[in-house]
Amino acid sequence: MCGIVGIAGFMPVNQSIYDALTVLQHRGQDAAGIVTIDPHNGFRLRKANGLVKEVFEARHMQRLQGNMGIGHVRYPTAGSSSASEAQPFYVNSPFGISLAHNGNLTNAHELRQQLFQRARRHINTTSDSEILLNVLAAELDRFQHYPLEAENVFAAIRAMHQQLRGAYACVAMIIGHGLVAFRDPNGIRPLVMGKRLLDDGRCEYMVASESVALDTLGFEFLRDVAPGEAIYITTSGQLFTQQCASDPKSNPCLFEYVYFARPDSFIDKISVYSARVRMGQKLGEKIAREWEDLDIDVVIPIPETSCDIALEIARILNKPYRQGFVKNRYVGRTFIMPGQQARRQSVRRKLNANRAEFHGKNVLLVDDSIVRGTTSEQIVQMARDAGAKQVYLASAAPEIRFPNVYGIDMPSATELIAHGREVDEIRQLIGADGLVFQDLEDLIAAVREENPDIAQFECSVFNGIYVTQDVDHDYLEYLQALRNDDAKALRGQAEAENLELHNEG
């Protein structure tokens, strides 16, 4: 999962992009990057591993000149976590193009081969985002006149949609032309656009992964970028839009609403906060039906995403809602950390139990989801260590049984605690006295209520149905080889050795 932003304006954009990336930091904590087009039509780029505040110092910000720019926050999915994989990427020909991407291409291997054989383009990293950039460059290279017209840009995006498979929300810049943004024909990854009117009547435009980035910078939310749609904003501020997919469908990622997106964002006309409240309502009603014989003393969320969900569950069950865990906000997410041992060590550093809320009580813990089960097992034990008599656990999401192939670093299937297991077996593994999962039908209903026009969500991690219809056993085996902890450890060792050799040289 990543966060992207692009601004086409008439004033320096470096600080605005920096501020937007800090708001989108929850979407990626591994690396950050900004590239601008300076007044002399040159790229100014800064990217590195780390949080936004760590990557950009005052000297970097001063160098990022220009009134148009794009930014990216990242954590690695199937690829490497090397600094060389940080985005945005750029190519010099044609014109000079830079691109940032959120998602994952499921046919990246085939595209890499085609780019080399047909377009003589070499891909220097393991990132599918660099592949996507070169596909765009190859398509724009077909037009031999200067400058390009809006229709040329849209023709290139149409050709891309016919070649690309998977999920992609992208923002790019073409030197001498403007800013381009587009979304895959299934609309799996989110992308929104907004505008800001200047005192002189001119209009600046912005695209971002979530609407909260627009809010922060004072941009008026216009709408979601439609699945398959492309946006083109020229350096003079002209806005062009066009549907570039032959058969677009709205299949937004359901897990965005469960976990990734900020609660104050709107994605595809749906309030993330309201969706989570309704998740709590649905799950609370299920608990009331199925656990009416249980003596629950208190409802406690596992912060932070589940807080709104747990509050609604407590209301329906007529039980006290308490903040039983205190969170250290300076520790990153654990299920995306590179290695099981690192995740285990991190949980205790991230959360601490408030003994006053656990001692002598039967507690219902509420979490947004259970992925590997590593965190859940330790939190259940923390509750017991704090004096809880009985520890029950409720998940606002159904059992996660299948890997994600569209840009979320869900581990390989064998590392998912629910893969091939029934609920009671999962309960025993995490050590809870009771375990309940949200039903998939209820989760879909909770999210869809504000936008019934969405016929289908991308919910493959729950049901194994991949909306792009190109994911087979061989591809899942390929992903498992890339994503399992042993493979990641080997890649990390190789990258460290390469860095050491580079430094010695």
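Which residues are linked with Arg27 in a network of salt bridges? In this predicted model, the network joins Arg27 to Arg189, Glu210 and Glu256, and this group is a convenient place to begin a walk through the charged contacts of the structure.

A search of the whole structure finds 26 salt bridges, and a few individual pairs show where such contacts are placed. Asp268 forms one of them with Arg183, with 3.0 Å between the closest N and O atoms. Because Asp268 belongs to the loop between strand E14 (266-267) and strand E15 (270-271), while Arg183 belongs to strand E8 (residues 178-183), this pair ties together parts that are 85 residues apart in sequence. Asp268 and Arg183 are both buried.

A further salt bridge is made by the side chains of Glu204 and Arg196, at 2.9 Å from N to O, and here too both Glu204 and Arg196 are buried. The contact between Glu357 and Lys361, whose closest N and O atoms are 3.4 Å apart, joins residues with their own accessibility values: Glu357 has a relative accessible area of 15% and is buried, whereas Lys361, at 23% relative accessibility, counts as partly exposed.

The strand that carries Arg183, E8, also takes part in an open sheet of six strands, which are arranged in the order E5-E6-E7-E8-E12-E13 with antiparallel pairing. At the edges stand strand E5 (89-91) and strand E13 (239-243), and each has a single partner strand, so one side of each is left without a neighbour in the sheet. On average, and with direction ignored, neighbouring strands of this sheet are turned by 20 degrees against each other. Strand E13 is joined to strand E12 (residues 229-234) by five bridges, and the two run antiparallel; within this pairing, Ala230 has Gln242 in E13 as its bridge partner.

The cysteines remain to be considered. A disulfide is a covalent bond between the sulfur atoms of two cysteines, and with a cut-off of 2.5 Å between sulfur atoms the count for this model comes to zero disulfides. Why does Cys170 not bond with Cys2, which holds the closest cysteine sulfur? The sulfur of Cys170 is 11 Å from the one in Cys2, which is too far for a bond. Cys253 is likewise without a bond, because its sulfur is 9.1 Å from the closest cysteine sulfur, in Cys459, and this is too far. As for their surroundings, Cys170 counts as buried at 0% relative accessibility, and Cys253 counts as buried at 1%.

Note on methods: Residues numbered from 1 in each chain as written. Predicted model: local features only at pLDDT ≥ 70, side-chain atom pairs only at ≥ 80, totals over all residues. Heavy atoms only, no water. Salt bridge = Lys/Arg side-chain N within 4 Å of Asp/Glu carboxyl O. Helix = DSSP H or I, 4+ residues; strand = E, 2+ residues; numbered from the N terminus. Buried < 20%, exposed > 50% of the residue type's maximum accessible area, 1.4 Å probe, protein only. Pairing = 2+ DSSP bridges. Axes fitted to C-alpha atoms, helices over the stretch in contact; angles between N-to-C directions.
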